[in-house]
Structure formats: C-alpha cells, structure tokens
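Please study the sequence and the three-dimensional structure shown below before reading further. The explanation then proceeds from helix packing to individual residues.

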Amino acid sequence: MMTREEDLQSAKRTIEKEIDALKIMENEISDSLSQALDLMQNTKGRVIITGMGKSGHIGSKIAATLASTGTPSFFVHPGEASHGDLGMLTDEDIVIAISNSGETKELSDIILYCKRYGIPLIAITKNPHSALGQAGDVVLKLPDNGEACPLGLAPTSSTTATLVLGDILAITLLERKGFTKTDFRQRHPGGKLGAFLQKVFDLMHKDDEIPLVSDAASMQEALLTMTSKMLGCVGIVDKDGCLEGIITDGDLRRCMSADIFNKKASEIMTRNPKTIEGDMLVAEALKTMNEKHITQLFVLKDRKPVGILHMHDCLRIGVA
C-alpha cells in the first residue's frame, strides 16, 4: 500500500508529464494550425469529429465546444459510421479524425469515404507518417513524449494534449469570427451561465410595474406609489417623462420628520441617480449595484425610464 507521500509524488509526476506534453505541443505549433482553421472557418457545412475509444470521448467534447462557440459541429462514432452513419456527412462538411497512433482500424471507412467524396480531412495524431497522417489534408501533430501512465498504456498525456488542441481550434475560431457574449448566450439559455448572460431588458420590471411619480407629486403620493410597487423606491420624472431623481427606503429614513408629508417628492429625491441601459448584461448591472451599494437601478432610453431592475431579481435567477 502506498503512503500519502507516495500518493502526492505520483500526482505530481502525472501533472509534470502532462505539462511537458503541452509545452512540447506549444513549441511544435506550425502553419498547419492556420490551414486547419481556414478549412473549418470556410466550410459551408459542419465540422464532423470522429475518433475511437478515449480519442472519441475527447472528440465529443471538442464537437460540443465548437458548437457552443459558433462553429456547427457534431461527433460521429467511427463504428456507427461504418453501419450507416456515413450518411450524416455531406460534401460541404469537413472531418477531423483523432487517433494518437494514427493507425486506428475503425477509422478506415470514414477516411476512405472522405477521399472518395472529396471531403477535407484534418488528422490529429502524433505520427504524421501513419495511415491517418498520410490521408489527412492537414495534419495537427500531437506531442510524442509518452503517457503519464507509468505503464505507458493508458491514454493520459495524449488525451490532455488533444483536448487542449480542440480548445485552441475553438477559441481561435471564436476570435476569428468576432463571436460575442450575445452570440454565446443564444447557445447557452439554461443554467447559471445562461442567467449571467441575460440582458437587463429580459429581466427588468416594465410598464405599470415601474414606480414613478411626477416632480409635482406630494410625498404622500410618492410613498403610496413606492409601497404599491414594492421595489423599495420611486422615480421622479419631469413633465417630459425624463427621470429627475429617485427616492429610496434609505432616503425616507434619512429625511423622516414630522412635516415630511407637507413636502413635494422633488424636495426629498436624490438627483441624477445611477442608471443603466437595457442591453447591459444582468451580471454587469449587479456589479454596478454592489459597487454603488444600491439595490435598484432605473433603466433609461433617451433619458426616460423604460424599466427598473432590483437586486432581488438578479439573485432570484442565480446571478450573485
């Protein structure tokens, strides 16, 4: 049985071996990368990823990352490809085939299909002289420094390098295409990531939910509006509907006196409050609230309130 110290040493050896593989790959990056990116960016179809075993698992992740960052892509299992799934490929697609050795027999049918129908093939392998390497229109070379597995058998360093290479392709394509946060959000509507990428206008209170009174309103009217809308504030607008100021719960506590109801709302309000625009990300709006130590923000368009966002709205959807 290994000691705890031996466990730690084994962990560190694995990390160092896989880091070495990435350093080798970094030093060996060549123009082949740009050639592969050109094919991927210019294809009229999809990017089809294939690979067997652990390479296939990594290929599935690469396909998912590409699809989520603006490059239509999916994974085709080479075994299933030989039994009908080759029909998923069109002559407008390109194929990325992954095999560390480059001699994976299960890839032979999909390689032949690519050659027969002129489908561009990007090979990811450590051996450019292998069957896959020689068949590829572009070869992206994996580092050949052995696996982190002490037996030299279990795919470890090679799969890490392949995964990083997939990320390189996805991120560089993202940058080439000018892929934005808005584009990303459209592909990630669910979960916490989707919540962080929501826009303010998707979440803000609108129309009759906005607490507003005119600058001629009394404090009694302002307080009734604040209470009925239940957002902890009321906005004060001029005769043109432009926001002049805001009264919050905190303002009421600071200004509370016996004659407060004899005053106009415009006498109590805080002028020029912090505001936002509807196309701001909810996460950015929450950051503004935290920095300014406030709990609500009016949303303006041409100086007129079109909505209001409360901190509780952000917390409710999981943005914190």
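The paragraphs that follow describe a predicted model, beginning with helices and ending with single residues.

Two packed helices are described by the angle between their axes and the distance between the axes. A suitable place to begin is helix α3, residues 54–68, together with helix α7, residues 157–177. Their axes come within 9 Å and cross at roughly 15°. Angles under 35 degrees count as roughly parallel, and α3 is therefore roughly parallel to α7. The crossing of α3 past α7 is right-handed. On the α3 side, the residues that meet α7 are Lys54, Ile58, Lys61, Ile62, Thr65 and Leu66. Their partners in α7 are Thr159, Thr162, Leu163, Gly166, Asp167, Ala170 and Leu173. Sorted by character, the residues of this contact between α3 and α7 comprise six nonpolar, four polar and three charged.

One participant from α7 may be examined by itself. Is Thr162 buried or exposed? Thr162, which belongs to helix α7, has a relative accessibility of 4% and therefore counts as buried, since the cut-off for that class is under 20%. When residues up to four places away in sequence are not counted, Thr162 touches Ile58, Ile62, Ile98, Ile124 and Leu142. Two of the residues touched by Thr162, Ile58 and Ile62, are in α3.

Helix α7 also packs with helix α1, which spans residues 4–28. Here the axes are 9 Å apart and the angle is about 45°, which means that α1 is oblique to α7. The passage of α1 past α7 is a right-handed crossing. From α1, the contact involves Lys17, Glu18, Ala21, Leu22 and Met25. From α7, Ser157, Thr160, Ala161, Val164, Leu165 and Ile168 take part. The residues in the contact of α1 with α7 are divided into seven nonpolar, two polar and two charged.

The next topic is aromatic rings. How many aromatic pairs does the structure hold? There is one, formed by Tyr113 and Tyr117. The ring centres of Tyr113 and Tyr117 are 4.7 Å apart and the ring planes stand at 45°, so the pair is classed as tilted. Both tyrosines lie in helix α5, residues 108–117, where they are four residues apart, about one turn of the helix. With a relative accessible area of 18%, Tyr113 is buried, whereas Tyr117, at 46%, is partly exposed.

Backbone angles come next. Most residues other than glycine have a negative phi, and most peptide bonds are trans. Against that background, Met230 has a positive phi, near 60°. Met230 is located in the loop between α11 (219–229) and β7 (233–237). The relative accessibility of Met230 is 69%, so this residue counts as exposed. His293 likewise has a positive phi, near 55°. The position of His293 is in the loop between α14 (282–292) and β11 (296–301). His293 is exposed, with a relative accessible area of 73%.

Some contacts join residues that are separated along the chain. Lys263 occupies the loop between α12 (249–255) and α13 (265–268) and is partly exposed, at 27% relative accessibility. Which residues are in contact with Lys263, leaving aside its neighbours within four places in sequence? They are Ser218, Met219 and Ile268. Lys263 and Ser218 are 45 residues apart along the chain, yet their C-alpha atoms are separated by 6.2 Å.

The explanation now turns to helix α14, where Thr288 is found. Thr288 counts as buried, at 13% relative accessibility. Residues up to four places away in sequence being set aside, Thr288 touches Lys274 and Leu297.

The last residue is Met311, in helix α15, residues 311–316. Its relative accessibility is 16%, so Met311 counts as buried. Beyond its neighbours within four places in sequence, Met311 is in contact with Leu286, Met289, Asn290, Ile294 and Thr295. Met311 and Asn290 are 21 residues apart in sequence, and the distance between their C-alpha atoms is 9.1 Å.

Terms used:
Residues numbered from 1 in each chain as written. Predicted model: local features only at pLDDT ≥ 70, side-chain atom pairs only at ≥ 80, totals over all residues. Heavy atoms only, no water. Axes fitted to C-alpha atoms, helices over the stretch in contact; angles between N-to-C directions. Parallel < 35°, antiparallel > 145°, perpendicular 65-115°, else oblique. Left-handed = near helix turned anticlockwise from the far one by under 90°. Contact = heavy atoms within 4.5 Å. Nonpolar A, V, L, I, M, F, W, Y, C, P; charged D, E, K, R; others polar. Phe/Tyr/Trp six-rings, centres within 6.5 Å; stacked < 30°, edge-to-face > 60°. Buried < 20%, exposed > 50% of the residue type's maximum accessible area, 1.4 Å probe, protein only.
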